[in-house]
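Please open the model in your viewer and keep the selection tool at hand. The tour below goes from one selection to the next and says what is found at each stop.

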Amino acid sequence: MLVAALLAVFLLAAAPDSSDEEPQPSPDLTPEEVIRLQVEALQQNDTPYPDAGIEAAFRFASPANKQATGPLRRFAEMVKGPVYGAMLGFERAEYGPIQVQGDRAVQRVTLVQPDGRRVSYVFGLTRQTEGAYDGCWMTDAVMRDTQPARENGLRRT
């Protein structure tokens, strides 16, 4: 009996706290929040485990995006490659104004690297209208942007 009680206490103590749960697509999240969640996850990619940030970003990829870039292993290779590698371990992010038209949103994000280089990406999201993700903002595409950051009024965070 004592062993069962101790085991129950141990299991309750070891159970993950709901506040520690990994973020999931939700109709309650704004497009800005979805982008910020992905960017921050990629900045801390290997916390709490290797490629956790890449996995989080993939969770917020739209079904069409997942079909084009998945499975997760292929997506991870792409993110670690030359076009998207700057999204991992950057020093800080600067977010441009978001543009929302109906069920589409676009935001430019500039990532300042530890060596001072600035690399910009444009996130394109759509609000899903069917299936398990109905009402959720999800990322359809992220494209590297070559325009100078100062032209778009970015703000630091």
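Begin by selecting Phe 123 together with its surroundings: leaving aside neighbours within four places in sequence, Phe 123 is in contact (heavy atoms within 4.5 Å) with Ile 35, Gln 38, Val 39, Met 87, Ala 105, Val 106, Gln 107, Val 109, Thr 139, Ala 141 and Val 142. Phe 123 belongs to strand E4, which covers residues 118-127, where strands (E, at least two residues) and helices (H or I, at least four) are DSSP runs numbered from the N terminus. With a relative accessible area of 2%, Phe 123 is buried; buried means under 20% relative accessible area, exposed means over 50%, and partly exposed lies in between, with a 1.4 Å probe and protein chains only. If you draw a distance from the C-alpha atom of Phe 123 to that of Gln 107, which is 16 residues away along the chain, you should read 5.3 Å.

Before going further, a note on what is being viewed. This is a predicted model, in which local features need pLDDT of at least 70 and side-chain atom pairs count only at pLDDT 80 or more, while totals for chains, interfaces and linings use all residues. Residues are numbered from 1 along each chain as its sequence is written, and side-chain values use heavy atoms, with hydrogens and water left out.

Next, select Glu 94, which is buried at a relative accessible area of 4%. Which side chain meets that of Glu 94 in a salt bridge of 2.5 Å, N to O? The partner is Arg 118, a salt bridge being a side-chain nitrogen of Lys or Arg within 4 Å of a carboxyl oxygen of Asp or Glu. Because Arg 118 lies in strand E4 and Glu 94 in strand E1 (residues 92-95), the pair ties together parts that are 24 residues apart in sequence. Unlike the buried Glu 94, Arg 118 is partly exposed, with a relative accessible area of 42%.

Keep Glu 94 selected and add Arg 92, which also forms a salt bridge with Glu 94, the closest N and O atoms being 3.3 Å apart. Arg 92 is partly exposed, at 22% relative accessibility. Adding Glu 91 completes the selection, since Glu 91, Arg 92, Glu 94 and Arg 118 are linked in a network of salt bridges.

Move now to Asp 103 and Arg 127, whose salt bridge brings the closest N and O atoms to 2.9 Å. Asp 103 sits in the loop between strand E2 (99-101) and strand E3 (104-112), and Arg 127 in strand E4, so this pair too ties together parts that are 24 residues apart in sequence. Asp 103 is partly exposed at 34% relative accessibility, and Arg 127 is partly exposed at 32%. In total, the structure holds nine salt bridges.

Now zoom out and colour by secondary structure: the protein has five helices and six strands, in the order α-α-α-α-α-β-β-β-β-β-β along the sequence. Of its 157 residues, 39% count as buried.

Finally, colour by pLDDT, the predictor's confidence in each residue, from 0 to 100. The mean over the protein is 86, and 81% of its residues reach 70 or more. Residues 1-19 stay under 50 and have zero contacts beyond four places in sequence in the model. Residues 151-157 are also below 50, yet this stretch has 22 contacts beyond near neighbours in sequence. Where pLDDT is low, the predicted coordinates should not be read in detail.
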